[in-house]
Amino acid sequence: MNNNRPPFRLLVWLAVATTIQLSVLAFSQNVPVVQKVDPPNWWAGLTPEVLLLVQGENLTGASVSVNERDAMIGRTQASADGHYCFIWLSLKPKAHPGTLHINIKNPSGSKTVDFSLLLREDTKGHYQGVSRDDVIYLIMPDRFSDGDPSNDQPFYDRNAPKGYHGGDLRGVRNHLDYLHDLGVTAIWLTPVWKNADSDYHGYGTVDLYALDSHMGSMQDYRDLVVAAHKLGIKVILDYVANHTGPKHPWTTDPPTATWLHGTPDHHLDPTYDFAGIVDPHAAPRESRHMLEGWFAGVLPDLNPDDPLLGSYLAQNTIWWTESATLDGYRLDTFPYSSRASWSLWHKRVKRVYPEINSVGEVWNVDPTITSFFEGGRTQFDGVDSDLPTMFDFPLSFAIKDVLLKDQPVQRIVDVLQRDSLYLRPEILVTFLGNHDTRRFMSEAGADKEKLKAAFALLMTMRGIPQIYSGDEIGMPGGDDPDNRRDFPGGFPGDAANAFSATGRSPDQAEIFNYLQSLLQLRAEHPALRDGRHLHVGWDETYYAFVREDSKEKLFIVFNNGKDARSLSIPTGDTAMQLAKTLKPLLGAPAAQISGEQIQISLGAKSVAIYAVE
Ligand SMILES: [Ca+2]
Ligand SMILES: [Ca+2]
């Protein structure tokens, strides 16, 4: 703890005791027992108040006091069964770091809880938010690299597709140079908090205030972020507000009567259709199962509209952000919690971290559906989600359908033509795949040329691109959990090491090198990051477009044909009308401009990029 001041105990003579007697006990009671306090600590000067959730026994009717001059108990609220007590702890703006002694007392006795107020880290270089200058890399830490075999157990079995494989935070830190070399500027780690049994993926938490032991220690987490920031790499928290794991203690013993939607015995089956939310004419029953059903039929559904849980979740997010100096959020299963609750969550988090932003998982093929969840405007129901941006699932499906199923290029243009549905299409997070989808290379008809073309589109089109770890070396992988195979070279005894240039197969190297050159191009050309995206032309199998800002213009042509094509692209009344010459980039074939036509011979399933002069 960072504290140069004398312990508060010495300052007691200055302090004013604040005690609130809740109620007179109508029955005899045992001494208060405290098993857990959420959050386990806070920071001096971070917020004017912190809501403590004390879990234990015999807490009903207890009086709570704190004998320190910088803190005051606002009010308390205990559950009827005495297992929980909420404590509103007010903190002075200039509260000093140190240990608060919170006394919880009933007629049978008392219990004192030590609660640390830490000194905040310097905020410079932290809590940055993600921007169009970033390229995000998604890592499932258990499957990336084992940097500390001492934390591999329990449930460690590298042969079990759904067991722990040993990867951890130190493993990620060990390979930051690899990511930096590739050109990545932000990493999104799937949840690192404590899960039960063999839930290696992290999406079934049993304690929102603990790191899973397989991941390492909080110090490992902090060390990873510090090392990442030194390389200019941001770190994104995967936040799951919709549900917990089935073994979370709340499942059978929730802190309030409305903490969860339902109980293990009586809850709604889930649906995964967002139409009932988006449709202004829908009856509540059309969204009830989606909002309140237990995801996958087993995950206890949190009710973030419970005001206490709403406060708990926002505060929990702030605790992780502050603990590890994080830079952004990926919001899991975004539509499955009410947008009103997300709005409050965003406001609470932004109050502390104005620069930080979030990207929501809104899994749908249709931009008319996905765009509804974007924040910044009030929808028909009077709610503004405050969500800055989301993953561009419609574009991801379109790119794969076009390249892999030979669907008309119009599929991609269709998505872009609906960009006016969004307030900020330019910051949508674009991607080919993630830990929930089949890998590109395991889709029917995939090959490395198509993957390279897909990456070229991703890195030249509008949006903030996200790469799923392993796709940069063309890793195969079918449906979950096959799409979560171990990264080669990250684990003891691996036959090959794809983290090293010499350890990559020729195919792996070809894909990696091409993607690396695309990221370098993107870094060198601001127009590819923040320029306007303008159509030039398209037909069944080609699409030509421009990215331009006030200083430069790039021309990109995609041939989705199964064969090479000699294209003659009309440029009249387009952003290319006045173009004089085309300078090929990344090995693009020569292209000629004659009058208002551009002539290009382009190989099958390939993308060519030009600087326009
Ligand atoms: Ca390990
Ligand atoms: Ca829900």
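How are the donor residues of the calcium ion (ligand 2) spaced in sequence? In this predicted model, the pattern reads N-x48-L-x9-D-x34-Y. Asn242 and Asp301 bring together distant parts of the chain, 59 residues apart. Asn242 sits in the loop between strand 14 (234-239) and strand 15 (260-261), while Asp301 belongs to strand 16 (residues 301-302). Both Asn242 and Asp301 are buried.

As for the atoms that do the binding, Asn242 offers its OD1 and Asp301 appears twice, each time through OD. Leu291 and Tyr336 each contribute O. These protein donors of ligand 2 lie 2.2 to 2.5 Å from the calcium ion.

Now to the other calcium ion, ligand 1. Here the coordinating atoms come from Asp146 (OD), Asp148 (O), Asn151 (OD1), Asp152 (OD), Gly166 (O) and Asp168 (OD), with distances of 2.3 to 2.7 Å. Along the chain, the donors of ligand 1 follow the spacing D-x1-D-x2-N-D-x13-G-x1-D. Within that pattern, Asp152 and Gly166 are 14 residues apart, and both are found in the loop between strand 10 (136-139) and helix 1 (169-174).

What geometry does the site of ligand 1 have? It is irregular, with angles of 63 to 171° among the 6 donor atoms. Why does Asp152 count as buried? Its relative accessible area is 5%, and buried means under 20%. Gly166 counts as buried too, because its relative accessibility is 4%, again under the 20% cut-off.

Away from the calcium ions, there is a sheet to look at. It is an open one, built from 4 strands in the order 2-4-7-6, with antiparallel pairing. Strand 2 (33-38) and strand 6 (71-78) are the edge strands, each pairing on one side only. On average, neighbouring strands of this sheet are turned by 25° against each other, direction ignored.

Inside this sheet, strand 4 (residues 49-57) and strand 7 (residues 84-91) form an antiparallel pair over 7 bridges. Val54 stands opposite Cys85 of strand 7.

What lies across the strands of this sheet? That is helix 6 (residues 307-324), which lies across strand 2, strand 4, strand 6 and strand 7. Helix 6 runs at about 110° to strand 4.

Key. Residues numbered from 1 in each chain as written. Chains lettered and ligands numbered in written order. Predicted model: local features only at pLDDT ≥ 70, side-chain atom pairs only at ≥ 80, totals over all residues. Heavy atoms only, no water. Donors = N, O, S within 2.8 Å, 3.2 Å for Na, K, Ca; no water. Helix = DSSP H or I, 4+ residues; strand = E, 2+ residues; numbered from the N terminus. Buried < 20%, exposed > 50% of the residue type's maximum accessible area, 1.4 Å probe, protein only. Tetrahedral: all angles 85-135°; square planar, octahedral: opposite > 155°, others 65-115°. Pairing = 2+ DSSP bridges. Axes fitted to C-alpha atoms, helices over the stretch in contact; angles between N-to-C directions. Contact = heavy atoms within 4.5 Å.
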